[in-house]
Amino acid sequence: EIYKFLNIDETAQWFNTLKNEPATEEETSTIVIPKELRPNLKTIEFIFHPHNHKLFFINKDRKDTLSPQLAEKFFQQLFDFVCQNSDIPSVTVTAIPEKESVEKIFLIPTLRRIEITLARPNPDDFEKQERKFLKKLEKQKAKRIETALVALPGKSLEPDEETKILAEVAASNGKVIGYGLDSYGKSVIESTKDKPMDTPYTVDS
């Protein structure tokens, strides 16, 4: 379980809702909050699949919420702290995007630029393409792949199969961003970071 709670700054000014005015020092002097207690506890349940290093969590249950972006930031900071204080190699956390997120990038009517960042996939992932790129990175002693394609003036990119495979792998192990123009000539940006996977389920309770 993940626990969310508030850290109260006891030195900050308080407000008296009965008098509808800032509380006086005399009123706040009676406030005593044990240092080990925190208010507004919210509990987020999750399950971790060690075989493919994927974590799934309930991002909304009644009033308990945790966005995929915040969860990604939380776990990245957690792993950064652990790795910095041990001999464990660095870990990159990526919020799994919607399945159609990469396709939407390639469907931009006039695709002017595409940026792909691929962090090292997990060594025991079962996906063939992920293992392929991991070996490529290991062979060259590289931490990640960063590549960009820019279209010729007045042209739209036509990514080949290799680029599309790289983008699909990077979507779950990094990020993919596409820049271009829509059918009306307006600028458009599509990013896998903006479309995390979110599957709704309704449970009777």
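Here are some short exercises on the structure above, each with a worked solution.

The model is predicted, so local features need pLDDT of at least 70 and side-chain atom pairs pLDDT 80 or more, while totals for chains, interfaces and linings use all residues. Residues are numbered from 1 along each chain as its sequence is written, and side-chain values use heavy atoms, with hydrogens and water left out.

**Exercise 1. The whole chain**

Work out how the radius of gyration of the protein chain sits against that of a compact globule of 205 residues.

*Solution.*
- Step one, the inventory: the protein chain has 5 helices and 12 strands. Both are DSSP runs numbered from the N terminus, with helices being H or I of at least four residues and strands E of at least two.
- Step two, the rule: take 2.2 Å times the number of residues to the power 0.38, with the radius of gyration itself taken over C-alpha atoms.
- Step three, the comparison: a compact globule of 205 residues would come out near 17 Å, but the protein chain has 23 Å.
- Step four, the box: along the principal axes, the C-alpha atoms fill roughly 70 × 50 × 40 Å.

**Exercise 2. Cover and contacts**

Find what share of the 205 residues is buried, and what share of the contacts with a separation of 6 or more comes from residues 24 or more positions apart.

*Solution.*
- Start with the cut-offs: buried means under 20% relative accessible area, exposed over 50%, and partly exposed in between (1.4 Å probe, protein chains only).
- By that scheme, buried residues make up 26% of the chain.
- Next, contacts (heavy atoms within 4.5 Å): of those with a separation of 6 or more, 62% are between residues 24 or more positions apart.
- Finally the surface: the protein chain exposes about 15,300 Å², and carbon and sulfur atoms supply 53% of it. This area comes from the Shrake-Rupley method with a 1.4 Å probe.

**Exercise 3. Helix 5 from cap to core**

Show which residue caps the N-terminal end of helix 5, and which elements the buried residues of helix 5 pack against.

*Solution.*
- Begin at the N-terminal end. D160 is the cap, with a side-chain oxygen 3.3 Å from the backbone nitrogen of E162.
- Now list the buried residues of helix 5: T163, L166, A167, V169, A170 and A171.
- Then look for their partners. These buried residues pack against helix 3 (101–106), strand 9 (110–119), helix 4 (128–139), strand 10 (144–150) and strand 11 (174–181).
- Zoom in on T163, which counts as buried because its relative accessibility is 14%. Leaving aside neighbours within four places in sequence, T163 is in contact with I116 and L149.

**Exercise 4. From helix 4 into strand 10**

Decide whether K141, K143 and E146 are buried or exposed, then trace the contacts of K143 and E146.

*Solution.*
- K141 sits in the loop between helix 4 and strand 10. With a relative accessible area of 76%, K141 is exposed. Check its backbone too: K141 has a positive phi of about 55° although it is not a glycine.
- K143 is in the loop between helix 4 and strand 10, and is exposed at 53%. Beyond its neighbours within four places in sequence, K143 is in contact with S90, A119, R120 and L137.
- E146 is in strand 10, and counts as exposed because its relative accessibility is 55%. Again setting aside neighbours within four places, E146 is in contact with I116 and T117.
- Last, the side chains of E146 and R144 make a polar contact of 2.6 Å. A polar contact is a pair of N or O atoms within 3.5 Å; within protein, one must be able to donate a hydrogen and the other to accept it, and residues adjacent in sequence count only if both atoms are side-chain atoms.

**Exercise 5. T11 against S191**

Place T11 and S191 in the chain, and say whether T11 and S191 are buried or exposed.

*Solution.*
- T11 lies in the loop between strand 1 (2–4) and strand 2 (15–16). T11 is exposed, with a relative accessible area of 73%, and its side chain joins that of D9 through a polar contact of 2.5 Å.
- S191 belongs to strand 12 (residues 187–191). S191 counts as buried because its relative accessibility is 7%.
- For S191, leave out neighbours within four places in sequence: V176 and I177 are in contact with S191.
- To finish, a polar atom of the S191 side chain lies 3.1 Å from the backbone nitrogen of K193.
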